[in-house]
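Trainee: Could you walk me through this one before I start on my own notes? I'd like the terms pinned down as we go.

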Amino acid sequence: MLYVELLAQGLVQGSIYALVAVGLTLVYGLLRILHVAHAGLFTLGGYIGVLVTNATGSLLLALVVSMLVVGLLGMAIYRLCYQPILDKPPYVALIASIGLFIAMEEIYRIAFGPYGISYENPPLQDVVHIFGITLRLGEVAVGIGTLVLIGALALFASKTRFGTVWRATVTDPEMAESFGVDIIKVRYLNFFIGSALAAVAGVMVALLNNLVEPTMGSVPSYKALAIIVLGGLGDVRGTLLAALALGVIEAYGTIYLGNYLDRDAIAFAFLILVLMVRPQGLFGRA
Amino acid sequence: MLGLSGYEISLITSMGIAVIFALSLNLITGFCGQISLGHAAFYGIGAYSSAMLTKAGMPLGVGILGAVIFAGLVGLAVGFTSLRVRHDFLAITTMGVGFLFIGIMRQWDFVGGEMGVSGIPGSGLGKPGFMFLVLGFGVLTVLFSLHLKRSWMGYAFDAIADDEDTARVIGLDVSRYKLAAFAMGTALAGLAGALYAHNVRFIDPESFGFVESITVLAMVVIGGIGSVFGVIIAAALLSVLPLWIQFIDEYKLLLYGGLLFAMMRFSPGGLAGLAKQILPKKSSLKASGDTKA
């Protein structure tokens, strides 16, 4: 049963990675920027989730507010931070983004205190038994929520006109522009959706740990970067698979390799190993 | 001694170590254009090597030499990854190396695990003596950097940083130069790490984490990628300001983050780039190619 339980834990963790990494890989596809500050938005999502839930008692309302605010902030970050430096060498945006992320974490620490905040009445903490394994309701919600959101995203991207335009732009921005696509509009939409998904992940992590702290974005941030590289930078399907794979590998790895490497080191050892064999990522095209 | 207080001596010592560390990354990222987000790992390897060697009874010189060799060897191995992956992929790979290093150190009981190594022998030279040792190594590092920049190898690095494919086309052995950059840069980081270990006399895995890697990258970027003097000034300022002014220490990371962001957003050439903008004529003769922004 341990195997199944570990698999379930891994998939839950992988779902959270997936929600964070999708936005990151979309930004990379569009702008060729490693958007490290994305994890700062994830953290903010968690803070807003806890604050609104504590104020109103409604987790759902908190989720919506968090997605809206964080989505808009994501658009603002694109406009104010990335757009002016798009023509510079790639390291410029990468380093600017790292700087922004560090500054965001510090602002959270100064604004909300170094020890973090928690839900007053943590929702969805009941335990459920499915197929003989024990999960918390929150973990089930994470799994289902991710499925629904990613499913909706896939439907939007494949069935609607704007979705088609969006996919075309992510695949080849210059070609799309020459076909008359307003790529500025696509970028705004892209940042809004990606950031809103990160906000959902933030609210969910806050739920699972019942804690939001200034640095809670650090580990997901680096993991998400590893994941989008594994997924073949800019490839959404590859990113989703890599996210779930990493979640599961970490879950098993911590049990069997825990004496030699900690969870993060396992993830990065896997990353380095894969990149040495396949420099274009697990699912990337050569 | 020299009318300096003990406090001032320790400030100058920290500053000297930071300058060596920053110049070591400048060699890889500045000269050769290979971004590294895990440089603190080599600083750490140097610190741990020298700490363990001297704790086992070896003299300081052997400890430092061991640190340089060991960090350089691991750096050479990591350099091989730069032959496989480039740009953003390399940035993430080196970041992974940094996390891997901390992960291994945390679990490895021989080097103290999470608790780190304490009771590292001092230099035996006294505080002023150690300061002069650090300054001596610092001057050597600066001279080495300046010499390298104007050497055949320096020009090759420059060509690779500008455009790797073109460099290959004109017949440069790109792989060899990249490996050389990684080996030299990481060996110097090992030197800085060894000096750090004997200065603070206590190290743990957290001293060499991602934040340290970013801090040293900040020094290089804020100074102006590839500019020796810009990096020296940035390293000296950024290492000492937080120690000097307590208020800044509280907001140290906010300052680093904000500066990194603002520099990239408004002046990607760093301090050296700013200087060039302000004094265009004076520096145009020697500074062409100083910054690759």
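Mentor: Let us begin with burial: a residue is buried if 20 or more other C-beta atoms lie within 10 Å of its own, exposed if 12 or fewer, and partly exposed in between, the C-beta atoms being placed from the backbone. This is a predicted model, in which local features need pLDDT of at least 70 and side-chain atom pairs count only at pLDDT 80 or more, while totals for chains, interfaces and linings use all residues. Residues are numbered from 1 along each chain as its sequence is written, and chains are lettered from A and ligands numbered from 1 in the order in which they are written.

Trainee: OK, so is Asn210(A) buried, exposed or partly exposed?

Mentor: Asn210(A) counts as partly exposed, because 16 other C-beta atoms lie within 10 Å. Asn210(A) sits in the loop between α8 (183–209) and α9 of chain A, where helices (H or I, at least four residues) and strands (E, at least two) are DSSP runs numbered from the N terminus. The phi of Asn210(A) is positive, near 45°, in a residue other than glycine.

Trainee: Why would I care about the sign of phi?

Mentor: Most residues other than glycine have a negative phi. Arg32(A) is a further non-glycine residue with a positive phi, near 55°, and Arg32(A) lies in the loop between α1 and α2 (38–56) of chain A. Arg32(A) also counts as partly exposed, because it has 15 C-beta neighbours inside 10 Å.

Trainee: What about the helix before it, how long should α1 of chain A be?

Mentor: Helix α1 (residues 2–31) of chain A has 30 residues and should span 44 Å at 1.5 Å a residue, and its end C-alpha atoms are 42 Å apart, which agrees; the expected span is 1.5 Å times one less than the number of residues. There is nevertheless a kink of about 30° in α1(A), centred on Ala21(A), the bend being the angle between axes fitted to the seven residues ending at a residue and the seven starting there. Because 22 of its 30 residues are buried, α1(A) is largely enclosed by the rest of the structure.

Trainee: And α2(A), how many of its residues are buried?

Mentor: In α2(A), 15 of the 19 residues are buried, so this helix is largely enclosed by the rest of the structure. Its end C-alpha atoms are 27 Å apart, in agreement with the 27 Å that its 19 residues should span, and Gly57(A), just after α2(A), takes a positive phi of about 85°.

Trainee: Switching chains, where does α1(B) bend?

Mentor: α1(B) bends by about 30° at Leu25(B). Helix α1 (residues 6–31) of chain B has 26 residues and reaches 36 Å from its first C-alpha to its last, close to the 38 Å expected. It is mostly covered, with 19 of its 26 residues buried, and Gly33(B), just after α1(B), has a positive phi of about 75°.

Trainee: What does Val216(B) touch?

Mentor: Two residues are in contact if their C-beta atoms, placed from the backbone, lie within 7 Å. Leaving aside neighbours within four places in sequence, Val216(B) is in contact with Phe21(B), Ala22(B), Leu25(B), His39(B) and Ala40(B). Val216(B) belongs to helix α9 (residues 210–223) of chain B, and it counts as buried because 28 other C-beta atoms lie within 10 Å.

Trainee: Which residues have the most contacts inside the largest nonpolar core?

Mentor: They are Val200(A), Ala22(B), Leu191(B) and Met219(B), in a core of 193 residues; such a core is a set of buried Ala, Val, Leu, Ile, Met, Phe, Trp, Tyr and Cys residues joined through C-beta atoms within 7 Å. Beyond four places in sequence, Val200(A) touches Leu19(A), Gly45(A), Leu63(A), Met67(A), Gly145(A) and Leu149(A).

Trainee: Last topic, how many residues does each chain bring to the contact?

Mentor: Chain A brings 35 residues and chain B brings 33. On the side of chain A that touches chain B, α4 (90–112), α9 (218–230) and α11 (263–277) each supply at least two residues, and α4(A) gives the most, with twelve. By class that side has 29 nonpolar, two polar and four charged residues, where Ala, Val, Leu, Ile, Met, Phe, Trp, Tyr, Cys and Pro count as nonpolar, Asp, Glu, Lys and Arg as charged, and the others, Gly among them, as polar.
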